[in-house]
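Colleague: I should like a close look at a single part of this model, namely its nonpolar interior. Please set it in the context of the whole chain and follow the reasoning through.

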Amino acid sequence: MRNPKWHRDEIILALDLYFSPNRGSIDKKNPKVIEVSKIINKLPIFSIRPDAEKFRNANGVTMKLSNFLKFDETYTGKGMKNTSKLDEEVFKEFVDQRDKLHSIASEIRKVALDENIKLKIYQIEDDEETINDSVMEGQVLYKLHKVRERDKKIVQEKKKQSMIDGKLYCEACEFEYQSKYGELGTGFIECHHKMPLFNIQISRKTRLDDLALVCADCHRMLHRRIDTLSIENLKYILNTTNDGHVNFLK
Ligand SMILES: [Zn+2]
Ligand SMILES: [Zn+2]
């Protein structure tokens, strides 16, 4: 049985090693390659690994690193012929943003080593964004975002702090559930973590100011472009007639 295709998060970790000034040779015996293989094996992404022995082993990581050669303009030799589209996409996204890549990779690594957070991440359902692999920072940090904004205790505090005459309003579109759904909607609103994913830190305790209260529709829209769209951007979109000039969507 074959293992699943590489996920964006895994490619990010391999690419971070590829660009590392101390990488060493692209070789399965290189201790750095072996270390990345071990970290990838700890990621909370694939719980089912049809061929566990070969799953992202040092040989697999070596192959992935060789794949990147094909897109690397500084490399003059021949690259691998069979590369995946996602490899190319991720390479091009980060080739000129290596510091950003490194900070994203470092945070993904921390998650890989934190059993507590991993358990919570495994409980987060997949949605359109994870299935389409469309979040630039990868699925692990995206799910960490969801873990954070669903922390019952802080969400409760946030609601308490934001309540006006017993009502909670969406910070983007001002929707209020009770006026539409009556008693059924009392106290209902969703919570969104405002920190951009590339800045999200596993060690940082969520503060009330990190959170925004939003209606379910606005929350979905924010997640569709989670790497670029802020509440202010969304407000702007809502207040602008859509003449095709709203430029926050990448
Ligand atoms: Zn809204
Ligand atoms: Zn959110």
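Modeller: A residue is called buried here if 20 or more other C-beta atoms lie within 10 Å of its own. By that criterion, buried residues make up 29% of the 250 residues in the chain. The model is predicted; the mean pLDDT of the chain is 92, with 94% of its residues reaching 70 or more. Confidence is lowest in helix α7 (residues 128-131), where the mean is 89, and highest in strand β2 (residues 211-214), at 98.

The setting is as follows. The chain has 12 helices and two strands, arranged along the sequence as α-α-α-α-α-α-α-α-α-α-β-β-α-α. Its C-alpha trace spans about 65 × 45 × 35 Å along the principal axes. Of the contacts with a separation of 6 or more, 67% join residues 24 or more positions apart.

As to the interior itself, a general tendency is relevant: in soluble globular proteins, nonpolar side chains tend to be buried together. In this model the largest nonpolar core has 32 residues, and those with the most contacts inside it are Ile12, Leu13, Ala14, Leu15, Ile108 and Val140. At least two residues of this core come from each of α1 (8-19), α2 (31-41), α3 (58-69), α4 (85-94), α5 (98-112) and α8 (139-149). Helix α1 provides the largest share, seven residues.

Leu15 illustrates how this core is joined. Leaving aside residues up to four places away in sequence, Leu15 touches Phe68, Val90, Phe91, Phe94 and Leu101. A second core, separate from the largest one, has 13 residues, including Leu213, Val214, Cys215 and Cys218.

Helix α8, one of the contributors to the largest core, also packs against another helix. The axes of α6 (residues 115-122) and α8 come within 9 Å and cross at roughly 85°. Because angles of 65 to 115 degrees count as roughly perpendicular, α6 is roughly perpendicular to α8. On the α6 side the contact is made by Ile117, Lys120 and Ile121, and on the α8 side by Val140, Lys143, Leu144 and Val147. These residues divide into five nonpolar, no polar and two charged. Val140 thus appears in two places: in this helix contact, and among the residues with the most contacts inside the largest core.

Note on methods. Residues numbered from 1 in each chain as written. Chains lettered and ligands numbered in written order. Predicted model: local features only at pLDDT ≥ 70, side-chain atom pairs only at ≥ 80, totals over all residues. Core = buried A, V, L, I, M, F, W, Y, C linked by C-beta atoms within 7 Å. Buried ≥ 20, exposed ≤ 12 C-beta atoms within 10 Å, placed from the backbone. Helix = DSSP H or I, 4+ residues; strand = E, 2+ residues; numbered from the N terminus. Contact = placed C-beta atoms within 7 Å. pLDDT = per-residue confidence, 0-100. Axes fitted to C-alpha atoms, helices over the stretch in contact; angles between N-to-C directions. Parallel < 35°, antiparallel > 145°, perpendicular 65-115°, else oblique. Nonpolar A, V, L, I, M, F, W, Y, C, P; charged D, E, K, R; others polar.
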